[in-house]
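Let's take a walk through this protein together, from its strand pairings to its largest pocket. Have a look at the sequence and the fold before reading on.

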Amino acid sequence: MTPLALTTQYIKQGACNACVDRFDAGGGANGTVEIYDGAVLAVTFTLPNPAFGAATLANPSVATCNGLPIAAVAVANVPAADNYIAKDTAGVSIGTGTVSVTGGGGEVQLDNVIIATGQTITMTAFTVTQP
């Protein structure tokens, strides 16, 4: 590996770590991930603190959420959860992304994207990638 390629990977790793460190910023105890179908909030997951482990020194750099799987109870019926809003410990929005069923390729993956009020939903994967 050339020094330039290695330097680029360290930059990507640093950027990925900076992104996931934002989950633990703010004045509260834990960051959250709100799961939506369009604009309808279906379920909110409370993340551990720290929310993520260290990013990989790979290309791309990837950080994986700590404490998975994480379960939460749904607050609304939705036919197909498809997006999320991530918030820091103060409730400030820090990012958005895709949701899929486990193995479906979303940044956030759930055991079920067809959600009913009162149903326990499990977040099985959550990764942040710095390409």
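Which residue in strand 8 is the bridge partner of Ala63? That partner is Val128. Before going further, please keep in mind that this is a predicted model.

**Overall layout**

The protein has one helix and eight strands. Reading from the N terminus, the order of elements is α-β-β-β-β-β-β-β-β. Its radius of gyration is 15 Å, close to the 14 Å that the globule rule gives for 131 residues, so the protein is as compact as a globular protein of that length. Along the principal axes, the C-alpha atoms fill a box of roughly 55 × 35 × 25 Å. Buried residues account for 37% of the 131 residues. Among contacts with a separation of 6 or more, 61% are between residues 24 or more positions apart.

**How the strands pair**

Here are three of the strand pairings side by side.

| Strands | Sense | Bridges |
|---|---|---|
| strand 3 and strand 8 | antiparallel | four |
| strand 5 and strand 6 | antiparallel | five |
| strand 6 and strand 7 | parallel | three |

Strand 6 thus appears in two rows, running antiparallel to strand 5 and parallel to strand 7. Individual bridges help to fix the register: Tyr84 has Gly97 of strand 6 as its partner, and Ser100 is matched with Gln109 of strand 7. Strand 5 and strand 6 also form a hairpin, with five residues between them. In that turn, Gly91 has a positive phi of about 85°.

Strand 3 deserves a look of its own. In a regular strand the side chains alternate between the two faces of the sheet. Along strand 3, Ser61 and Ala63 point to one face and are buried, while Val62 and Thr64 point to the other face and are not buried.

**Two cis prolines**

Most residues other than glycine have a negative phi, and most peptide bonds are trans. Where does this model have cis bonds? One runs from Asn59 to Pro60, with omega near 5°, and another from Leu68 to Pro69, with omega near -5°. Pro60 sits in the loop between strand 2 (40-46) and strand 3 (61-64). Pro69 is found in the loop between strand 3 and strand 4 (70-73).

**Three residues up close**

Ala55 belongs to the loop between strand 2 and strand 3. Is Ala55 buried or exposed? Its relative accessibility is 5%, and the cut-off for buried is under 20%, so Ala55 counts as buried. Leaving aside neighbours within four places in sequence, Ala55 is in contact with Gln13, Cys16, Asn17, Ser61, Val62 and Ala63. One of these, Gln13, is 42 residues away from Ala55 in sequence, yet their C-alpha atoms are 5.7 Å apart.

Thr122 lies in strand 8. With a relative accessible area of 19%, Thr122 is buried, because the cut-off is under 20%. Beyond its neighbours within four places in sequence, Thr122 is in contact with Phe45, Pro69, Ile70, Ala71, Gln109, Leu110 and Asp111. Pro69 in that list is the residue that follows the cis bond from Leu68, and Gln109 is the bridge partner of Ser100.

Thr129 is also in strand 8. At 42% relative accessibility, Thr129 counts as partly exposed, since that class lies between 20% and 50%. Setting aside neighbours within four places in sequence, Thr129 is in contact with Pro60, Ser61 and Val62. Thr129 and Val62 are 67 residues apart along the chain, with 4.5 Å between their C-alpha atoms.

**The largest pocket**

How much space lies in the largest pocket? The answer is about 230 Å³. Of the 13 residues that line this pocket, the closest to its centre are Cys19, Phe23, Tyr84, Gly95 and Val128. Strand 5 (83-87), strand 6 (93-101) and strand 8 (120-130) are the elements that give two or more residues to the lining. The largest share, four residues, comes from strand 8. By class, the lining has seven nonpolar, four polar and two charged residues. Two of the residues closest to the centre have already appeared here: Tyr84 as the bridge partner of Gly97, and Val128 as the bridge partner of Ala63.

Definitions and conventions: Residues numbered from 1 in each chain as written. Predicted model: local features only at pLDDT ≥ 70, side-chain atom pairs only at ≥ 80, totals over all residues. Heavy atoms only, no water. 1 Å grid on protein atoms, 1.4 Å probe; cavity = no way out; pocket = protein on both sides within 12 Å on 5 of 7 lines; lining within 4 Å. Points joined across faces, edges and corners; volume = space filled by probe spheres on them. Nonpolar A, V, L, I, M, F, W, Y, C, P; charged D, E, K, R; others polar. Pairing = 2+ DSSP bridges. Rg over C-alpha atoms; globule rule 2.2 N^0.38 Å. Buried < 20%, exposed > 50% of the residue type's maximum accessible area, 1.4 Å probe, protein only. Contact = heavy atoms within 4.5 Å.
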